[in-house]
Amino acid sequence: MIRGIDVRLAACHSCELVVRVPDFEDHAEAACPRCHASVRFRKRNARTYVVALLVAALALYFPANALTIMYTEQFPERRADTILSGVKFLWERGSWGLAMIVFAASILVPVVKLGALGFLVVSAMRHSAWRPRARTRLYRALEVIGHWSMLDVFVVALLTAVVQLGQFARVTPGPAVLPFAGVVILTMLASASFDARAIWDRGMCE
Amino acid sequence: MSDPVDPRFEKLPVPVARQRRPGWPSAVWLVPILAVVAAGVLAIRAYLSAGPTIEITFDSAEGLEVGKSDVRYKNVPVGKITSVEITEDQRAILVKVKLESGAASLAAKDSRFWVERPRIGVGGVSGVGTLLSGAYIGVDRGTSTDKTDRFVGLEKPPGVTHDQAGRRFRIMAVDAGSLGVQSPVYLRRQQVGLISALALSPDGKRIDIEIFINSPYDRDVTDTAVFWNASGLDVSIDASGLHLDTQSLATVVAGGIAFGFREGDPPGHPAAEGAQFNLFDDRTHALARPDPTRLPLAMRFHQPLRGVGSGTQIDFEGVRIGQIDAINLGYDSTTHGFFSDVDATIYPERLGAAFAALVDEGRRRGKTGPQMLQALVARGLRAQVRSASLITGQLFIALRWFPGGRGTTPVAERDGVWVVPTERGGTDQIQDQVESIVAKIDRIPFDAIGGDARDAMHAATSLLGHLDGEVVPTAQQLVGQAGAAMAALHDSLSALRDNVAAPDSAIQQTTRSTLEQLENAARSLRGLTDYLQHHPESLLRGRASGPEPR
């Protein structure tokens, strides 16, 4: 099997024009003759981006889980919940389904995303040939579930806006919301920066 | 570069070459750096905002809930309860509290913690707000610079917090009465402080009370101030009548301490913090001027002294000059009689100018105190139990004059005790009179009178029986006969009516024929008289021929 890069062919990312890319000197880059977008074989600095964003996401993951994400005042009770304590509270109240959803969306998904992306990028960097097809499926799955990982942020934002009953009930976002949103956004960016073709660069099915 | 171009792709367009912008690929590393910094800042902030964790033990965790109850200083939340557990010895509740960073100073060694919950007491209602919000832990910040993380919680809010301005004083009391922590302290019936602590002294012989007087009234506590127990209703009935004294309605139930100043005392200087005072039983005792001279007085009464006891007043010319200390019953083996020995104390200064004059006179005549008393006794001074009020039955000992009194008992100074002879008391006389009345009533022969009355009743009864048995039947008989007589009479009358009134009765017919004959006779008589009128001569000559007279 021949890759585009092997025969020095590349498709413009903007207009899908297939061009033959000759070698340029340093400090020069190829631009699409039709739309003038830059033309490259692979995403530029993809691995660096992914790694940097993952590290950033990981750094924010700890405050996101350790700090209070939401203050709820439901007269006469006042609660300050981290994500985990919120899940525990829901579970103890018997809302098992809700607890599981929140647990999956807010704790499991970010962890899985961080882990899986880390695995993908490391394996790509090491030019691993291990089951590239499975890894590609994993990447696609990551893209799909990534959409749902903002759930907690949405919940807090919605509750904050909706539940403002003066003295009786009030929801205010806690300091963990921003780090949590950061984790979600950074993992999304990281997964978008990842170039799935890198999986195949050495693991090609001959 | 030197790769040969695949002939299949030779026709494909070739991208234009352009200057690559000087790449800054590592700029993306700014993102994780920023993220790490942000996380670090958050972590540091969280660490800094987390104050110390302290442990407080309470007897009861009533109303305390993890996550719900908080710790409040002056009603501002300063910490959260992180756990409520039972201590290892299962005797108390261990509450773990995470204080906020700004409240770290609350962990001073002498800080006090208590559970604020609704309390209803005599002094008022507190903690009503916690009915809705739930209990919380209140804290009074200590002034100590030493820190600790273990506290023993109070069961009640402290009466005085460290930030209150004022001074503490110590009061020694023999009896706590109804006093308790938080009982008010009054000055001129105005609450100026409260009891902040109350405990039995280590030797158990008195009560140590710590009071806290709010500023600025603490300056009113001078070294001449006297304190008394203002608890409850001070109702006293004595020879001068009924007294009712109370500071406020609250003290009636909750008790309290009042302080004031004796009349005539110098104003005094404000007492130092922690100064000690004694607690008097009541206002009268507290404000009474101390009596410098005390004379022991002994009296012997040959009469029962019911109603007289320790504290009974001794009155001389209307002045309360002392009181009884003790009464002892004695037995005289020569007369085989019982008597009561009364020990009393008198304060002669209370006589004022009179005492001064007596002392003066004694000095002039060169007589000692006992001799002066002997002179008074010789003039008839006697002690007598008297009733101050017949209604209350209150008794007092009066030193009175009995000029014609019985032989004077010599006054001897017995172990420095002055003895005053006694006279049988007024109540005794009344009692004697009542007794004699009762005795007279006793002598009335109620039994005999009753017997006579019974005999009379017997006679009346037999008379009535006689009437019943004999008179009544006769009377009945008489009535029967009278009835028969009446019937016969009735019969006679009806027969008479039949005989007389019936038209065909014999009497009627006889009467009618008799009347007819009488009529005829009358007619003949009239003819005769007419004739005679016309012919009066016929009386002499006889009847002339001629027509027949009509």
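**Backbone exceptions, sheets and contacts in chains A and B**

B:H336 has 7 C-beta neighbours inside 10 Å and therefore counts as exposed, since the cut-off for that class is 12 or fewer. The model in which this residue is described is a predicted one. Phi of B:H336 is near 50°, a positive value in a residue that is not glycine. B:H336 is placed in the loop that runs between strand 22 (319-332) and strand 23 (337-346) of chain B. A positive phi is also found at A:E16, where the angle is about 60° and the residue, again, is not a glycine. A:E16 lies in the loop between strand 1 (9-11) and strand 2 (18-20) of chain A. With 10 C-beta neighbours inside 10 Å, A:E16 is classed as exposed, because 12 or fewer such neighbours place a residue in that class. A further backbone feature occurs between B:S215 and B:P216, which are joined by a cis peptide bond with omega of about 5°. B:P216 is located in the loop between strand 14 (207-214) and strand 15 (225-229) of chain B. As background to these entries, most residues other than glycine have a negative phi, and most peptide bonds are trans.

The secondary structure of chain B consists of 10 helices and 27 strands. Chain B has 550 residues, of which 21% are buried. When contacts in chain B between residues at least 6 apart in sequence are considered, 65% of them link residues at least 24 apart.

Seven strands of chain B form a closed barrel in the order 11-14-13-12-18-15-19, and the pairing in the barrel is mixed. On average, neighbouring strands of this sheet are turned by 35° against each other, with direction ignored. Within the barrel order, strand 12 stands beside strand 13. Strand 12 (residues 184-187) and strand 13 (residues 190-200) of chain B run antiparallel and are joined by four bridges. In this pairing, B:V185 is found opposite B:G193 of strand 13.

A second arrangement in chain B is an open sheet of eight strands in the order 26-20-23-22-21-25-24-27, also with mixed pairing. Strand 26 (418-420) and strand 27 (422-423) of chain B each have a single partner strand and stand at the edges, so one side of each is left without a neighbour in the sheet. Strand 21 (residues 313-316) and strand 25 (residues 395-401) of chain B are paired in the parallel sense over three bridges. Opposite B:F316 in this pair stands B:L399 of strand 25.

Chain A has 206 residues, and 30% of them count as buried. Its secondary structure comes to seven helices and six strands, which follow one another along the sequence as β-β-β-α-β-β-α-α-α-α-β-α-α. Of the contacts in chain A between residues at least 6 apart in sequence, 64% join residues at least 24 apart.

Two packed helices are described by the angle between their axes and the distance between the axes. In chain A, the axes of helix 3 (residues 96-125) and helix 4 (residues 132-146) come within 10 Å and cross at roughly 145°. The crossing of helix 3 past helix 4 of chain A is left-handed. From helix 3 of chain A, the residues A:V109, A:K113, A:A116, A:L117, A:L120 and A:S123 take part in the contact, and from helix 4 of chain A they are met by A:R135, A:L138, A:Y139, A:L142, A:I145 and A:G146. By class, the residues of this helix contact comprise eight nonpolar, two polar and two charged.

Between the chains, 29 residues of chain B are in contact with 37 residues of chain A. On the side of chain B that touches chain A, at least two residues each come from strand 1 (16-19), helix 1 (30-49) and helix 2 (130-133) of chain B. Helix 1 of chain B gives the most to this side, with nine residues. This side of chain B has 21 nonpolar, four polar and four charged residues. Strand pairing also links the chains: strand 3 (residues 28-31) of chain A and strand 1 of chain B pair in the antiparallel sense over four bridges. In this pairing, A:A30 has B:A17 of strand 1 of chain B as its bridge partner.

Conventions
Residues are numbered from 1 along each chain as its sequence is written. Chains are lettered from A and ligands numbered from 1 in the order in which they are written. This is a predicted model: local features need pLDDT of at least 70, side-chain atom pairs count only at pLDDT 80 or more; totals for chains, interfaces and linings use all residues. Two strands pair if DSSP finds at least two bridges between them. Axes are lines fitted to C-alpha atoms, for helices over the stretch in contact, and angles run from 0 to 180 degrees between N-to-C directions. Two residues are in contact if their C-beta atoms, placed from the backbone, lie within 7 Å. Ala, Val, Leu, Ile, Met, Phe, Trp, Tyr, Cys and Pro count as nonpolar, Asp, Glu, Lys and Arg as charged, and the others, Gly among them, as polar. A residue is buried if 20 or more other C-beta atoms lie within 10 Å of its own, exposed if 12 or fewer, and partly exposed in between; C-beta atoms are placed from the backbone. A crossing is left-handed if the near helix is turned anticlockwise from the far one by less than a right angle, and right-handed if clockwise.
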